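Got the viewer open? Here's a short walk through the model, one selection at a time.

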Amino acid sequence: MTSPASSTTASAADASRRRQSPLSGHTRVSTQALTSVAKAAASEVLQIPAEQVKADWNDDGGLLALSLVLPLGIPALSRIVRDPAVVDNTGGPIWDRALAAREVVLERVESLTGSQLSRVDIRITGIRIQEGGRVQ
């Protein structure tokens with residue numbers, strides 16, 4: 001007959017072994033959660049409201065391909081005329097900003113979700129005029 005003390009010790013040892021070995025089962029991040037993270041990342045990187053970002057997911061050979069559709073904030077043309085350096089100070093031309101944002105968004109989404117993305121596509125559908133850092 002085993003004593004209660006040895007039974008407790010055996011249970012503790014079993015629990016310790018289970019923590020050290022991989023657990024059975026699945027962990028999945030829902031499409032809705034992935035979409036929320038992608039919209040938040042794009043919003044932060046491109047400095048636009050998250051509700052203006054549309055995100056869509058596609059299978060790309062077993063990996064996730066993220067497509068973003070959004071307007072892009074730009075300085076007012078009157079501000080650029082007064083100070084042409086404002087273009088560089090706000091991240092450069094639209095094309096360069098979108099290219100740079102793709103990599104940053106990809107890294108953030110992968111880091112936050114643990115999902116592996118094959119690519120991020122960005123489609124710019126309009127502009128939002130920014131005066132002095134504020135979006136109109």
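How many salt bridges does a search of the whole structure find? The search turns up 3, and we'll visit each of them. Keep in mind as you click that this is a predicted model.

**Stop one: the whole chain**

Start with everything selected and colour by secondary structure. You should see 5 helices and 4 strands. Reading from the N terminus, the order is α-α-β-β-α-α-α-β-β. Of the 136 residues in the chain, 26% are buried. Switch on the surface: the accessible area is about 9,100 Å², with 52% of that belonging to carbon and sulfur atoms. If you like contact maps, take the contacts between residues at least 6 apart in sequence; 60% of them join residues at least 24 apart.

Now recolour by pLDDT. The chain average is 85, and 79% of the residues score at least 70. Among the elements, strand 1 has the highest mean, 96, while strand 4 (residues 134-135) has the lowest, 42.

**Stop two: a helix-to-helix link**

Select Glu-44 and Arg-108 and show their side chains. They form a salt bridge, with the closest N and O atoms 2.6 Å apart. Glu-44 sits in helix 2 (residues 31-46) and Arg-108 in helix 5 (residues 94-113), so this pair ties together parts that are 64 residues apart in sequence. Which partner is exposed, and which partly exposed? Glu-44 is exposed, at 54% relative accessible area, because the cut-off for that label is over 50%. Arg-108 comes in at 33% and counts as partly exposed.

**Stop three: the hairpin**

Next, select residues 54-60 and 63-75, which are strand 1 and strand 2. The two run antiparallel and are joined by 7 bridges. Zoom in on the end of strand 1, and you'll find Asp-60 opposite Leu-63 in strand 2. The hairpin has 2 residues between its strands, and Gly-61 takes a positive phi near 65 degrees there.

**Stop four: a charged trio**

Stay on Asp-60 and add Arg-119. What joins these two? A salt bridge does, with 2.8 Å between the closest N and O atoms. Arg-119 lies in strand 3 and Asp-60 in strand 1, so the pair ties together parts 59 residues apart in sequence. Then add Asp-121, which forms a salt bridge with Arg-119 as well, its closest N and O atoms being 2.9 Å apart. Shared partners therefore make one network out of Asp-60, Arg-119 and Asp-121.

Flip the surface back on for these residues. Each of the three is partly exposed: Arg-119 has a relative accessible area of 35%, Asp-60 has 30% and Asp-121 has 29%.

**Last stop: a nonpolar patch**

Finish by selecting Ile-94, Ile-124 and Ile-127. Together they make a nonpolar surface patch of about 230 Å². Where does Ile-127 sit? Its place is in strand 3, residues 117-131, the strand that also carries Arg-119. Ile-127 has 49% relative accessibility, so it counts as partly exposed.

Technical notes. Residues are numbered from 1 along each chain as its sequence is written. This is a predicted model: local features need pLDDT of at least 70, side-chain atom pairs count only at pLDDT 80 or more; totals for chains, interfaces and linings use all residues. Side-chain values use heavy atoms; hydrogens and water are left out. Patches are made of residues with over 30% relative accessible area and no salt bridge: like charges are joined within 9 Å, nonpolar side chains (Val, Leu, Ile, Met, Phe, Trp, Tyr) within 5 Å. Accessible areas come from the Shrake-Rupley method with a 1.4 Å probe; for residues, only the protein chains shown count as cover. A salt bridge is a side-chain nitrogen of Lys or Arg within 4 Å of a carboxyl oxygen of Asp or Glu. Buried means under 20% relative accessible area, exposed over 50%, partly exposed in between (1.4 Å probe, protein chains only). Two strands pair if DSSP finds at least two bridges between them. pLDDT is the predictor's confidence in each residue, from 0 to 100. Contact means heavy atoms within 4.5 Å.
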